[in-house]
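This report describes the fold and packing of a single predicted model. It begins with a pocket and then turns to the elements around it.

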Amino acid sequence: MDFHLPDGYEISTDPTRLDVALIHSWLSLDAYWAQGRPRDKQDAAIAGSLNFGVYDTASAAQVGYARVVTDGATFGWLCDVYIAPAVRGKGLGTALVAHIRDHLRPAGLRRLMLATADAHAVYAQVGFEPLAANGTWMVLGEQ
């Protein structure tokens with residue numbers, strides 16, 4: 001399926017447009033997976049990732065964010081997907097994830113993964129599926 005951003009919004013990978021203080025506030029205060037994340041850790045995560053910002057075209061204000069940790073050839077981890085509460089319900093999250101999928105398609109990644117506790121339906125719309133063989137995956141660190 002093809003998902004388009006609603007009129008009045010745009011997505012950019014330009015790192016100079018990122019409002020890193022706002023991103024840190026969103027994630028450390030409102031995102032269950034990153035609550036309490038220190039600013040220096042968030043800044044390091046942004047520096048080491050391919051970042052996507054969603055912006056209101058009229059005001060240029062950032063209204064969404066996501067990042068991908070990837071080698072650019074075989075694997076990617078989609079994380080920190082966040083849409084500001086004031087603009088939720090407009091399809092921005094789904095459009096952002098579809099844009100990321102399409103942006104990465106030319107790299108031919110074998111796998112793009114993510115973890116979610118509550119947004120399975122959003123990701124399923126753009127082709128993500130639960131892991132079929134969970135027993136083969138292992139983790140070191142927090143679960």
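## The largest pocket

In this predicted model, the largest pocket has a volume of about 920 Å³. Its lining comprises 30 residues, and those closest to the pocket centre are W33, D80, V81, A115 and Y123. Three elements, β4, α3 and α4 (120–125), give two or more residues to this lining. Strand β4 gives the most, with seven residues.

D80 merits separate attention. This residue is found in strand β4, and its phi is near 55 degrees, a positive value in a residue other than glycine. Most residues other than glycine have a negative phi. With a relative accessible area of 3%, D80 is buried, because the cut-off for a buried residue is under 20%.

## The sheet

Five strands form an open sheet in the order β1-β2-β3-β4-β5, with mixed pairing. The edges are occupied by β1 and β5 (111–113); each has a single partner strand, so one side of each is left without a neighbour in the sheet. From one strand to the next, the twist averages 20 degrees.

Strands β1 and β2 run antiparallel and are joined by four bridges. Within this part of the sheet, E10 stands opposite Y55 in β2. Y55 also has a bridge partner in β3, namely Q62.

## Strand β3 and its two hairpins

Why can β3 be described as largely enclosed by the rest of the structure? The strand covers residues 62–70, and seven of its nine residues are buried, so the rest of the structure largely encloses β3.

On one side, six bridges join β3 to β2 (residues 50–56), and the two strands run antiparallel. They form a hairpin with five residues between them. A60 is placed in the loop between β2 and β3, and its phi is near 70 degrees, again a positive value in a residue other than glycine. A60 is partly exposed, with a relative accessible area of 49%, whereas D80 is buried.

Strand β3 is also joined by six bridges to β4 (residues 75–83), likewise in antiparallel fashion. One of the paired positions is G64, whose bridge partner in β4 is I83. The hairpin of β3 and β4 has four residues between the strands, and G72 in the turn has a positive phi of about 75 degrees.

## Helices packed on the sheet

Helix α1 packs on the sheet, where it touches β3 and β4; the direction of α1 makes about 80 degrees with that of β3. The buried residues of α1 are I23, H24, W26, L27 and S28. These residues pack against α2 (39–47), β3 and β4.

H24 lies in α1, which spans residues 20–30, and is buried with a relative accessible area of 16%. Which residues does H24 touch, not counting residues up to four places away in sequence? They are L29, R37, P38, R39 and Q42.

Helix α3 lies across β1, β2, β3, β4 and β5, and runs at about 140 degrees to β2.

## The nonpolar core

The largest nonpolar core has 35 residues, and the residues with the most contacts inside it are L78, L96, I100 and Y123. At least two core residues come from each of β1 (9–12), α1, β2, β3, β4 and α3 (92–104). Helix α3 gives the most to this core, with six residues.

The contacts of L96 extend to several parts of the sequence. Leaving aside neighbours within four places in sequence, L96 is in contact with I11, F52, V54, Y65, A66, V81 and I83. Two residues in this list recur elsewhere in the report: V81 is among the residues closest to the centre of the largest pocket, and I83 is the bridge partner of G64. Y123, named among the core residues with the most contacts, is likewise one of those closest to the pocket centre.

Note on methods. Residues are numbered from 1 along each chain as its sequence is written. This is a predicted model: local features need pLDDT of at least 70, side-chain atom pairs count only at pLDDT 80 or more; totals for chains, interfaces and linings use all residues. Side-chain values use heavy atoms; hydrogens and water are left out. Buried means under 20% relative accessible area, exposed over 50%, partly exposed in between (1.4 Å probe, protein chains only). Two strands pair if DSSP finds at least two bridges between them. Contact means heavy atoms within 4.5 Å. A nonpolar core is a set of buried Ala, Val, Leu, Ile, Met, Phe, Trp, Tyr and Cys residues joined through side-chain atoms within 4.5 Å. Axes are lines fitted to C-alpha atoms, for helices over the stretch in contact, and angles run from 0 to 180 degrees between N-to-C directions. On a 1 Å grid over the protein atoms alone, a cavity is a set of points where a 1.4 Å probe fits but cannot get out, and a pocket is an open set with protein on both sides within 12 Å along at least five of seven lines; lining residues have an atom within 4 Å of a point. Grid points are joined across faces, edges and corners, and a volume is the space filled by probe spheres set on the points.
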